[in-house]
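Here is a short guided tour for a first look at a protein model. Keep the picture open as you read, and find each part as it comes up.

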Amino acid sequence: MNPTPETSPAVAVTGLVKRFGPVTAVDGLDLRLERGSILALLGPNGAGKTTTVEICEGFQRPDAGQVRVLGLDPIADNDQLRSRIGVMLQGGGAYPGAKAAEMLRLCAAYCADPIDPEWLLQVLGLTDCAGTPYRRLSGGQQQRLALACALVGRPELVFLDEPTAGLDAHARILVWELIDRLRRDGVAVLLTTHLLDEAEALADQIVIIDHGRVVASGTAADLTGGRTQDRLRLVTAAPIDTAALAAELGTGHRCEPGVSAQSYHITGPVNPHLVAKIAAWCRDRDVLATEISVAQQSLEEVFLSLTGAGFGEPAEVGR
Ligand SMILES: Nc1ncnc2c1ncn2[C@@H]1O[C@H](COP(=O)(O)OP(=O)(O)OP(=O)(O)O)[C@@H](O)[C@H]1O
């Protein structure tokens with residue numbers, strides 16, 4: 001049975017392909033965003049994030065694959081979808097001379113049940129510039145006003161393309177709090193970002209794409225924690241012979257110097273026996289091991305390793 005539009009996922013994309021001449025911007029991409037949750041789309045420049053989001057918004061036509069937004073076709077059912085989704089557009093649209101509050105009230109006037117524009121201005125720290133013409137607003141204020149315009153119609157789903165790009169730390173926190181609040185109110189959010197801490201702080205699900213394909217997806221914990229069992233960090237009070245330690249640990253283990261002095265990365269299966277062996281090896285050489293820790297990769301390390309040169313097949317993490 002086909003899901004009805006009310007029970008279907010906020011976004012369901014399967015096998016999406018989009019080409020621009022010789023460039024394949026999106027190459028068989030699958031995505032699924034549940035209602036009331038936040039999905040962060042991460043990827044290097046040119047990975048296909050904006051193209052994917054614009055197809056979901058109905059601004060571009062896919063070459064292949066299926067896209068359903070709130071159970072509907074973003075192009076064929078665009079009229080039905082418009083009032084139910086929020087899109088954060090860049091630029092002042094047709095009214096760059098209009099004042100900030102006027103623009104937001106205008107957006108609200110098109111909506112059946114808008115959020116109070118004054119409340120949104122206040123939450124986003126825009127009250128002081130409510131009377132400022134759009135073109136005189138700072139970049140960060142324009143960005144927050146675009147977010148307010150996307151949200152004023154109480155959308156069920158909101159698309160945010162780099163919502164905090166260029167915002168100062170204070171404004172970023174305001175926007176993060178608002179996005180988190182949306183989720184608690186049952187709104188689904190699909191956001192693209194280059195800020196890994198933003199994805200980590202906000203998203204229920206992170207999807208990393210490269211060359212138009214999903215290379216990993218899961219929660220931040222899945223992505224950073226899934227590989228902890230094959231990596232150990234060692235710090236010693238004096239330099240050690242890495243080749244000798246690697247030889248002691250046997251095949252399957254490597255020992256390489258880390259970035260800071262007398263720090264080392266040991267890769268290979270990590271278990272209590274390995275930890276004991278390293279400690280004993282240091283003791284036998286009268287070298288103090290000041291730290292032996294099972295290393296947690298940062299999201300940045302995961303991102304760089306997955307989207308760096310030479311990456312091969314897609315990794316499925318925590319799906
Ligand atoms: N209208 C277009 N015409 C031709 N090529 C395009 C068009 N739109 C996107 N592309 C190409 O498609 C690829 C994906 O672009 P896209 O903007 O989706 O990437 P992105 O992940 O959003 O990148 P960024 O992080 O830099 O914004 C790029 O190689 C881009 O040059």
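## Around the ligand

Let's start with the ligand in this predicted model. Its surroundings are made up of Phe 20, Val 23, Ala 25, Gly 43, Asn 45, Gly 46, Ala 47, Gly 48, Lys 49, Thr 50 and Thr 51. Two elements each supply two or more residues to this shell: strand β2 (23–33) and helix α1 (49–56).

Which element gives the largest share of the shell? That is α1, with three residues. Sorted by class, the shell holds six polar residues, four nonpolar ones and one charged one.

## A sheet of four strands

Now move along the chain to an open sheet. Its four strands are arranged in the order β11-β12-β10-β13, and their pairing is antiparallel. At the edges you will find β11 (254–257) and β13 (289–294), each with pairing on one side only. On average, neighbouring strands here are turned by 20 degrees against each other, direction ignored.

As background, the strands of a sheet pair through backbone hydrogen bonds, in either a parallel or an antiparallel way. For one example, look at β10 (residues 231–236) and β12 (residues 263–267), an antiparallel pair joined over five bridges. Within β12, Thr 267 is the residue opposite Arg 231.

## Helices on the sheet

Two helices are worth finding next. Helix α9 (residues 242–249) lies across β11 and β12, and runs at about 160 degrees to β11. Helix α10 (residues 272–284) also packs on the sheet, where it touches β10 and β13. The direction of α10 makes about 165 degrees with that of β13.

Key:
Residues are numbered from 1 along each chain as its sequence is written. This is a predicted model: local features need pLDDT of at least 70, side-chain atom pairs count only at pLDDT 80 or more; totals for chains, interfaces and linings use all residues. A residue is near a molecule or strand if its C-beta atom, placed from the backbone, lies within 6 Å of it. Ala, Val, Leu, Ile, Met, Phe, Trp, Tyr, Cys and Pro count as nonpolar, Asp, Glu, Lys and Arg as charged, and the others, Gly among them, as polar. Two strands pair if DSSP finds at least two bridges between them. Axes are lines fitted to C-alpha atoms, for helices over the stretch in contact, and angles run from 0 to 180 degrees between N-to-C directions. Two residues are in contact if their C-beta atoms, placed from the backbone, lie within 7 Å.
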